[in-house]
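Thank you all for coming. I would like to walk you through one structure, and I will take the charged pairs before anything else.

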Amino acid sequence: TDDALEAFSRAQAVVDFTAPAATVEFAALAAQARAVHVIGTTGLEADHLARIDAAARHATIIRAGNMSLGVNLLARLTQKVAAALDADWDIEIVEAHHRMKVDAPSGTALMLGQAAAVGRGIELDDARVSGRDGITGARPKGAIGFSAIRGGDIVGEHDVIFATEGERIVLRHLATDRTIFARGALRAALWGQGRKPGQYDMMDVLGI
């Protein structure tokens with residue numbers, strides 16, 4: 001059909017790994033159709049998120065910066081480690097992706113940063129430091145740093161580094177096959193069947 005709303009109404013779920021402008025339009029259609037909308041799109045900004053929040057009043061929206069089981073377990077571990085360690089432990093998130101990726105830091109890196117911020121009991125926007133260059137001065141205590149690498153065909157690599165005097169803890173996830181994201185998205189779509197409208201994430205889907 002050429003009617004997008006009709007297509008949404010007929011679908012059991014819509015799985016969306018597109019671009020921010022398209023995703024917010026799809027969220028509005030999902031709201032009209034009372035559909036399940038699984039969002040894996042990254043690069044979403046405050047205006048996009050506000051429109052998705054509005055759509056979630058009528059649609060069942062499952063949104064995550066990464067749909068893989070391993071990454072979501074990493075996020076939960078990051079939150080727990082951040083909660084256990086004080087601000088003498090610096091937090092740095094390093095991510096690597098293929099040369100064609102257009103946004104940085106990755107949605108997954110931001111998800112991990114948010115998990116660390118929740119563990120610390122702070123707002124990520126207040127602690128975030130990205131893309132250091134030149135004479136930046138000493139690292140602010142309590143900052144959560146982000147670094148991005150782009151090259152070749154790297155599917156996705158994420159390290160969460162907790163560093164203090166004399167020791168480091170590194171939590172790592174390596175993706176070598178993009179089908180992990182598809183499997184997670186399909187699991188989310190099935191989980192969303194019959195759920196009340198609202199916005200959920202993969203933590204809800206996985207029960208962690």
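**Salt bridges, a pocket and some local details**

Let me begin with R132 and E92, whose side chains meet in a salt bridge with an N to O distance of 2.7 Å. R132 sits in the loop between β5 (128–130) and β6 (144–150), while E92 belongs to strand β4 (residues 90–97), so this pair ties together parts that are 40 residues apart in sequence. Please keep in mind, here and throughout, that this is a predicted model.

The two partners are not equally covered: R132 is partly exposed, with a relative accessible area of 39%, whereas E92 is buried, at 16%.

A second pair also involves strand β4, and here the side chains of R150 and E95 form a salt bridge, again with 2.7 Å from N to O. Because R150 lies in strand β6 and E95 in strand β4, this pair ties together parts that are 55 residues apart in sequence. R150 counts as partly exposed, at 28% relative accessibility, and E95 is buried, with a relative accessible area of 1%.

The third pair I want to show you is K101 with D103, whose side chains meet in a salt bridge at 3.1 Å, N to O. D103 counts as buried, with 16% relative accessibility. Salt bridges that share partners also join D90, E92, R132 and R139 into one network, and so the R132 and E92 pair that I opened with is part of that network. The count of salt bridges comes to nine.

Let me turn now to the pocket. How many residues line the largest pocket, and which of them lie nearest its centre? The lining is made of 31 residues, and R63, G107, L110, M111 and Q114 are the ones nearest the centre. The volume of this largest pocket is about 900 Å³.

If you want to follow its walls on the screen, look at α4 (69–84), α5 (107–120), α6 (124–127), β9 (198–200) and α8 (202–206), each of which supplies at least two residues of the lining. The largest share comes from α5, which gives six residues. In character the lining is mixed, since its residues divide into 14 nonpolar, nine polar and eight charged.

Next, a word on the surface. V15, F17 and L186 form a nonpolar patch there, and together they have about 280 Å² of accessible area. F17 lies in the loop between β1 (14–16) and α2 (20–33), and this phenylalanine is partly exposed, with a relative accessible area of 41%.

Finally, there are two points about the backbone that I would ask you to look at. The peptide bond from A104 to P105 is cis, with omega near -5°, and P105 is placed in the loop between β4 and α5. The other point concerns R34, which has a positive phi of about 55° although it is not a glycine. R34 lies in the loop between α2 and β2 (36–39), and at 54% relative accessibility this arginine counts as exposed, because the cut-off for that word is over 50%.

To close, I would bring you back to strand β4, which holds E92 and also E95, the partners of R132 and R150 in the salt bridges that I described at the start.

Definitions and conventions:
Residues are numbered from 1 along each chain as its sequence is written. This is a predicted model: local features need pLDDT of at least 70, side-chain atom pairs count only at pLDDT 80 or more; totals for chains, interfaces and linings use all residues. Side-chain values use heavy atoms; hydrogens and water are left out. Patches are made of residues with over 30% relative accessible area and no salt bridge: like charges are joined within 9 Å, nonpolar side chains (Val, Leu, Ile, Met, Phe, Trp, Tyr) within 5 Å. Accessible areas come from the Shrake-Rupley method with a 1.4 Å probe; for residues, only the protein chains shown count as cover. A salt bridge is a side-chain nitrogen of Lys or Arg within 4 Å of a carboxyl oxygen of Asp or Glu. Helices (H or I, at least four residues) and strands (E, at least two) are DSSP runs, numbered from the N terminus. Buried means under 20% relative accessible area, exposed over 50%, partly exposed in between (1.4 Å probe, protein chains only). On a 1 Å grid over the protein atoms alone, a cavity is a set of points where a 1.4 Å probe fits but cannot get out, and a pocket is an open set with protein on both sides within 12 Å along at least five of seven lines; lining residues have an atom within 4 Å of a point. Grid points are joined across faces, edges and corners, and a volume is the space filled by probe spheres set on the points. Ala, Val, Leu, Ile, Met, Phe, Trp, Tyr, Cys and Pro count as nonpolar, Asp, Glu, Lys and Arg as charged, and the others, Gly among them, as polar.
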